[in-house]
Amino acid sequence: MDRFFVQRMKTKWGSCSSARRSIRLNSELAKKPRECLEYLVVHEMVHLLEPTHNHRFTAFMDQFMPNWQFYREILKCILQVSLRQLTWQAVVLVAQDSGLTITNDLFRR
Ligand SMILES: [Zn+2]
């Protein structure tokens with residue numbers, strides 16, 4: 001990877017271009033739990049090895065970040081809370097509604 005950008009994005013959490021060998025991440029992620037940011041970095045980096053979300057992609061994800069599915073679920077919960085109302089308590093409530101158990105200390109770091 002040659003370039004790594006963090007910038008304001010309205011519609012996506014991140015993108016990756018294998019051709020340009022660059023990764024872009026939404027600056028809003030800086031406020032999220034570190035593991036969610038890590039999940040997106042790993043996700044975009046795996047796209048440099050495998051462009052689609054096929055079984056090869058998930059095998060790479062399992063290899064590099066064994067609990068990636070958990071952080072993907074947390075990100076989905078974060079996306080359901082509007083940015084204006086984004087507090088960790090709001091995210092935890094959405095997570096509980098969808099049957100996810102997340103501890104508060106995950107969001108305090
Ligand atoms: Zn992807």
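**Figure 1. Overall fold of the protein chain.** The protein chain comprises five helices and three strands. The structure shown is a predicted model. Along the sequence, the elements follow the pattern β-β-β-α-α-α-α-α. Of its 109 residues, 21% count as buried. Among contacts in the protein chain with a separation of 6 or more, 36% are accounted for by residues 24 or more positions apart.

**Figure 2. Close-up of helix H1, residues 34–49.** At 1.5 Å a residue, the 16 residues of H1 should span 22 Å, and the end C-alpha atoms are 23 Å apart, which agrees. The buried residues in this helix are Cys-36, Leu-37, Tyr-39, Leu-40, His-43, Glu-44 and Val-46. An α-helix has 3.6 residues a turn, so residues three or four places apart point the same way.

**Figure 3. Close-up of helix H3, residues 68–80.** H3 has 13 residues and reaches 19 Å from its first C-alpha to its last, close to the 18 Å expected at 1.5 Å a residue. Trp-68, Tyr-71, Ile-74, Leu-75, Cys-77 and Ile-78 are buried in H3. The cover over these buried residues includes H1, helix H2 (55–64) and helix H4 (88–97).

**Figure 4. Close-up of Leu-79 in helix H3.** Leu-79 has 12 other C-beta atoms within 10 Å. Because a residue with 12 or fewer such neighbours counts as exposed, Leu-79 is classed as exposed. The C-alpha atoms of Leu-79 and Val-94 are separated by 9.9 Å, and the two residues lie 15 residues apart along the chain.

Note on methods
Residues are numbered from 1 along each chain as its sequence is written. This is a predicted model: local features need pLDDT of at least 70, side-chain atom pairs count only at pLDDT 80 or more; totals for chains, interfaces and linings use all residues. Helices (H or I, at least four residues) and strands (E, at least two) are DSSP runs, numbered from the N terminus. A residue is buried if 20 or more other C-beta atoms lie within 10 Å of its own, exposed if 12 or fewer, and partly exposed in between; C-beta atoms are placed from the backbone. The expected span of a helix is 1.5 Å times one less than its number of residues. Two residues are in contact if their C-beta atoms, placed from the backbone, lie within 7 Å.
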